[in-house]
Amino acid sequence: MSHSSPFSGNSSFWKYFQGIKPDRVWVCSVLLLGIVLLGLLAPVITHIEPTTVNLLARSKPPVWYEGGSWYYPLGTDNLGRDMLSRCLYGIRTSFGIATLGLIFSAILGVSIGIIAGLVGGYADELLMFITDVFITIPNLLLLLAGIVLLGTEIWVLIVMIGLIRWEAYARIVRGQVMALRELGFIEASHVLGASRLRIAVAHVLPNLISPLTVILTLSFPSVLLMEAGLSFLGVGVQPPTPSLGRMIGSGRDYLLDAWWMSGMPSIVIVSITLLFQLIGDGLRDKLDVRLDG
Amino acid sequence: MKSIVELSDVKVSYSGGLLHRAPKVDALRGVSIRINRGERHGLVGESGSGKSTLGRVILGLVRPSHGSVSVAGFNPFSLSRSEKLEFRRRVQLVFQDSVAAFNPRLTIGKSLGEGLKIHNICKSSQRPDRIAMLLEAVGLPQEFSDRFPHQVSGGQRQRVNIARALSVEPDVLIADEPVSALDVSIQAEVLDLFEDLQQEFNLTTLFISHDLNVIHEASDYLWVLKNGEIVEKGGTKQIFSGPEHEYTNLLLASLPGQGLETVC
Amino acid sequence: MARLAVSGGIVGFISGRIVRAILTMFVVLLISFVVGRLSGTPFEIMFPDGLTVDHQIALEKKFKLDLPMHEQFKLYVTQIFKGDFGRSLHTGEKVWAMYALRMPATLAVGSLALLVAIIIGLPLGALSALYRKNVGVTGALLLVFLGYAVPHFVIGIGLILLFGYVLQILPTTSLDTWRHFVLPTITLAIPMIAVLARFMRAAMLDAIGQDYVSTATSKGLTDADIAKNHIFRNALVPIISVVGLEIAGLLNGTIFVETVFSLPGVGRILIGAVEQRDYPVLQFGLIAYSLIVVTVNLIVDLLYVVADPRIRLGK
Amino acid sequence: MADPNTKRRLLLSARDVNVSFEVANGIVEAVRDLSLEIFAGETLALVGESGSGKSAFAKSILDMHQPPFTRRRCVIQGEIEYHRASDVLQLVGADGKTMRAVREKEIGMIFQDAMSSLNPVIRLGKQVYEALSYVPIEPSKRWLQVSEILNEVGLGGTRYSRAFPHQLSGGQRQRAMIAIAAVRCPSLLIADEPTTALDVTVQAQILSLLKRVQASSNMSMLFITHDLGVVYDVAERVAVMCAGRIVELGNVSQVFGDPQNAYTRTLLENRPGPTRKRKAKVARA
């Protein structure tokens with residue numbers, strides 16, 4: 001019955017290996033950092049502008065295909081624009097919008113969550129009702145409505161993404177704050193005479209760092225995909241700004257002859273989101289964060 | 001002697017929020033209590049009797065729907081900004097032991113220092129000495145200052161808990177089930193410590209517990225709470241030897257191991 | 001998601017939910033009204049050459065745009081309750097008629113995908129929690145977790161490339177026969193399978209660690225009975241609300257799937273409306289989609305009540 | 001009290017039992033070289049403070065450390081023999097089928113936290129009924145047995161059998177747990193701190209219920225507790241545990257009246273209450 005795993009003998013041996021095993025979070029973080037660097041260093045890596053049209057080199061395949069060349073390592077699109085350059089600059093666009101959108105929505109959501117969680121009562125009821133409403137209305141429809149109102153400039157996308165995403169953070173942060181509030185040390189601090197501000201800054205925030213790290217890491221991909229999705233549908237980032245989503249969308253008509261037009265940016269996007277997902281999952285296990293909400 | 005805690009006809013009822021309508025729960029239904037300076041009081045009751053709520057009313061954490069509260073000369077529910085701070089210094093709480101009573105990210109020293117900082121009890125340069133003194137008062141070595149709450153045992157943590165409450169030199173100490181999570185042998189130590197400190201610091205204490213044996217040791221005056229009402233009050237010894245209310249009688253009769261003393 | 005807060009029994013819980021649903025729809029109407037009014041007067045689109053001031057005032061009077069905002073909103077809501085959702089600014093078609101024509105395709109693909117996701121996702125999540133050492137189950141789970149990171153439009157394009165062009169066994173556009181439904185349904189289902197499998201796994205693992213599993217073991221129940229009656233049954237409770245939340249995501253997904261596979265659904269109408277700033281069309285979309293989600297959430301709440309006696313019978 | 005060793009039938013004997021767990025940073029040896037015997041019809045109390053290994057041993061008897069589908073790692077060594085009328089079963093290392101048969105027919109168990117030990121989404125009657133799932137009799141007879149046992153523990157009537165756990169009070173939940181364990185008429189009932197979470201008045205009721213049920217079906221009971229008073233009330237014999245070992249074992253009156261072991265003495269002396277002798281001053285500088 002209980003001898004399924006005699007671990008007495010060789011356990012230290014395995015522990016040793018687990019100890020030096022390069023862990024998932026680190027490997028993925030390094031890879032992700034690599035992708036970010038590729039985007040940042042795009043002007044150094046490639047000298048072809050992402051918008052340079054070369055009608056003589058339309059739909060060139062990547063280098064490993066017959067007819068491909070090192071000049072266009074990832075091939076070109078239907079207008080003869082360099083896929084590598086467009087992908088690298090696309091990373092910049094995606095990361096830029098996603099990061100700013102995330103920061104915006106996180107500030108909004110986290111403050112609302114903390115207020116709802118700490119103040120409680122009717123303020124909490126009201127704020128949670130608003131988040132409920134926002135969760136109910138399909139995100140994409142709200143985004144589209146916002147775009148109809150405000151147009152497709154990049155700042156609009158950032159603001160809209162921020163306005164769409166905050167409710168998730170608000171809800172989770174509120175849950176975490178409520179859980180914290182149940183813990184005696186918050187009350188102890190209150191009984192010692194600490195002000196609400198002091199409690200929030202000295203006791204609540206530090207204990208939110210772990211869950212917030214996990215939440216933000218896990219939700220970065222979805223923010224990034226929001227921009228990519230809108231651009232894919234043609235209502236997000238407008239040309240000539242290179243955008244991974246838009247590249248996938250416009251390559252759709254050339255799938256049969258030039259799959260790389262959609263394929264390359266797809267691979268980039270999936271790598272980014274997958275890495276974020278793996279890092280987030282790993283962090284959650286590591287920091288032992290439970291996210292209910 | 002003038003009373004330092006006085007509650008008269010205090011009623012508390014809990015209800016749910018706006019959208020989920022919870023039924024009203026009457027936690028306290030007209031409780032009056034008087035505690036004089038320097039006395040040791042005990043409050044005993046079973047779960048759901050409202051004993052914790054009563055403690056929290058005295059601390060100003062739960063607002064009663066009816067009745068008047070006066071603690072250390074203040075009404076905890078109408079305090080000016082400066083009064084609030086003074087009230088918080090004079091009335092303290094010892095929690096039931098748990099890791100949760102301490103911020104896991106702060107060392108024990110930092111946790112002990114919080115009250116000193118808030119109330120400017122001493123200069124910041126003197127704080128480490130002060131913390132060492134507090135630790136010493138509860139029988140712990142100075143090194144504990146650098147440990148984290150999860151690195152010490154339950155009994156030790158409970159001593160720190162008491163030290164934290166004492167750090168601001170309170171007059172009134174409410175102890176809400178302070179030993180019920182501890183093993184018997186450690187319970188005894190903490191109870192003894194509690195008694196010593198009560199005398200040393202001239203504290204007025206209200207000891208809340210469900211355990212009659214514990215309350216017997218920690219109090220001279222006893223209030224028996226049942227369903228939000230005081231059903232019996234008086235000297236602890238008198239009540240133990242001759243309970244008047246049938247509920248108190250039942251409580252005493254339910255104590256396990258009645259004949260154990262005769263064997264030992 | 002249903003908050004497991006204390007509630008005044010089943011009536012209190014459900015009436016609270018209904019109130020919430022109505023309030024939500026009210027907010028949706030408000031948002032759609034604001035979108036309509038803030039996006040400028042329709043005359044700019046209807047008369048691109050511009051108008052004289054007199055003409056504009058006359059038109060505003062005719063369309064009652066000169067009334068105060070709250071009066072206009074009242075009018076707007078009354079019209080909607082009368083079934084008048086306005087006409088497209090471009091084609092002049094009745095908006096609801098446009099949607100009525102396209103809705104069936106969207107709903108068909110959407111509900112098929114939901115069904116597929118539940119049928120595959122829940123068992124997969126459950127099995128992966130029970131048999132954590134089984135290589136096959138773990139492998140399937142890892143594959144599905146890819147669906148977490150891959151957006152609909154990339155999945156769709158991948159499937160088109162594989163089944164449409166490389167293997168050439170399935171059609172990649174329109175919805176004529178059942179075979180046309182395969183790729184769009186799978187595309188839409190994969191991310192949801194990932195979500196459901198993942199949550200199911202977590203819920204199962206949670207249930208596995210509970211004390212009542214020990215009790216069940218001490219009764220001498222077989223592992224199969226424990227898994228079925230105690231672990232799976234309890235894990236389903238939180239999953240219900242996850243399914244509810246996913247419906248909204250599913251509607252988002254249909255827009256991409258319809259674009260990728262060129263399906264005759266409402267997604268295309270919506271995108272067209274955005275490009276042409278045809279706000280009556282978009283307004284209707286917002287209201288219709290929200291109504292679907294609100295209704296589904298209400299149903300989910302009812303199911304939740306059935307599944308969890310703690311809510312049904314109050315605390 | 002008569003000397004049990006000569007008169008009563010041996011029901012369970014444990015010899016040199018060691019239990020260890022794998023935890024995050026190493027291995028915890030919860031039980032060390034534990035040997036004890038339980039006789040038919042008697043109540044043996046296992047008493048000790050938290051971490052003494054009393055619960056770990058109790059769980060080892062039914063191999064409850066690793067409920068199905070969990071990944072907890074636990075190693076049990078030594079011998080735990082269960083004596084049936086005709087044969088003797090070795091419970092350490094027994095296969096799943098044997099273990100299940102023992103749990104189903106021979107040994108019942110109740111736990112400290114009755115709330116979490118009952119399935120929140122299944123009606124009480126069904127949860128009791130489930131314990132008889134594999135008994136080869138017709139369902140109506142099973143239901144009859146269920147209502148009988150529920151009656152016996154004071155939860156008679158459909159009002160309780162159709163109730164969900166959250167609708168019951170703490171005491172009622174523990175009664176339900178007793179019904180679940182007792183409905184199969186086990187020869188041995190393991191009660192793991194069954195009254196620790198209860199109020200003192202409810203505790204008294206549950207203890208007397210346990211004694212009644214035990215008497216009516218001639219069960220033996222292994223009663224785990226940290227409360228010496230409870231031991232005195234329910235048990236004939238007591239084993240005192242400290243740091244995984246039994247430090248003293250004997251009749252309750254003997255052990256409590258004339259404790260041989262220093263630890264037992266400490267436990268007895270430190271019981272809070274009127275009789276405790278206060279030490280001069282706690283160790284303080």
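In this predicted model, Arg142(D) belongs to helix 6 of chain D, a helix that covers residues 139-152. Arg142(D) is buried and yet forms no salt bridge, and the nearest side chain of opposite charge, that of Glu104(D), lies 8.5 Å away, whereas a salt bridge is counted only within 4 Å. What the side chain of Arg142(D) does have is a polar atom 3.1 Å from the backbone oxygen of Ile137(D). Once the neighbours within four places in sequence are set aside, the contacts of Arg142(D) are with Tyr129(D), Leu132(D), Ser133(D), Val135(D) and Ile137(D).

The remainder of this report concerns a sheet in chain B. Six strands of chain B make up an open sheet with mixed pairing, and their order across the sheet is 5-6-7-3-8-9. At its edges stand strand 5 (91-94) and strand 9 (229-235) of chain B, each of which pairs on one side only, and from one strand to the next the twist averages 15°.

Within this sheet, strand 3 of chain B, residues 40-44, runs parallel to strand 7 of chain B, residues 204-209, and is joined to it by five bridges. Strand 3 of chain B also pairs with strand 8 of chain B, again in the parallel sense, through four bridges. Individual positions along strand 3 of chain B can be matched with residues of these two strands, as the table sets out.

| Residue in strand 3 of chain B | Opposite residue | Strand of the opposite residue |
|---|---|---|
| His41(B) | Tyr221(B) | strand 8 of chain B |
| Gly42(B) | Phe207(B) | strand 7 of chain B |
| Val44(B) | Ser209(B) | strand 7 of chain B |

How many of the five residues of strand 3 of chain B are buried? Five of the five are buried, so strand 3 of chain B is largely enclosed by the rest of the structure. Arg40(B), Gly42(B) and Val44(B) point one way from the strand, while His41(B) and Leu43(B) point the other way, and the residues of both groups are buried.

Helices also lie across the sheet. Helix 6 of chain B, residues 184-200, lies across strand 3, strand 6 (172-176) and strand 7 of chain B, and it runs at about 160° to strand 7 of chain B. Helix 9 of chain B, residues 246-254, lies across strand 8 (221-226) and strand 9 of chain B, with an angle of about 100° to strand 8 of chain B. Strand 3 of chain B is thus described by its pairing with strand 7 of chain B, by its pairing with strand 8 of chain B and by helix 6 of chain B, which lies across it.

Note on methods:
Residues are numbered from 1 along each chain as its sequence is written. Chains are lettered from A and ligands numbered from 1 in the order in which they are written. This is a predicted model: local features need pLDDT of at least 70, side-chain atom pairs count only at pLDDT 80 or more; totals for chains, interfaces and linings use all residues. Side-chain values use heavy atoms; hydrogens and water are left out. Buried means under 20% relative accessible area, exposed over 50%, partly exposed in between (1.4 Å probe, protein chains only). Lys and Arg count as positive and Asp and Glu as negative; His and the chain ends are not counted. A polar contact is a pair of N or O atoms within 3.5 Å; within protein, one must be able to donate a hydrogen and the other to accept it, and residues adjacent in sequence count only if both atoms are side-chain atoms. Contact means heavy atoms within 4.5 Å. Two strands pair if DSSP finds at least two bridges between them. Axes are lines fitted to C-alpha atoms, for helices over the stretch in contact, and angles run from 0 to 180 degrees between N-to-C directions.
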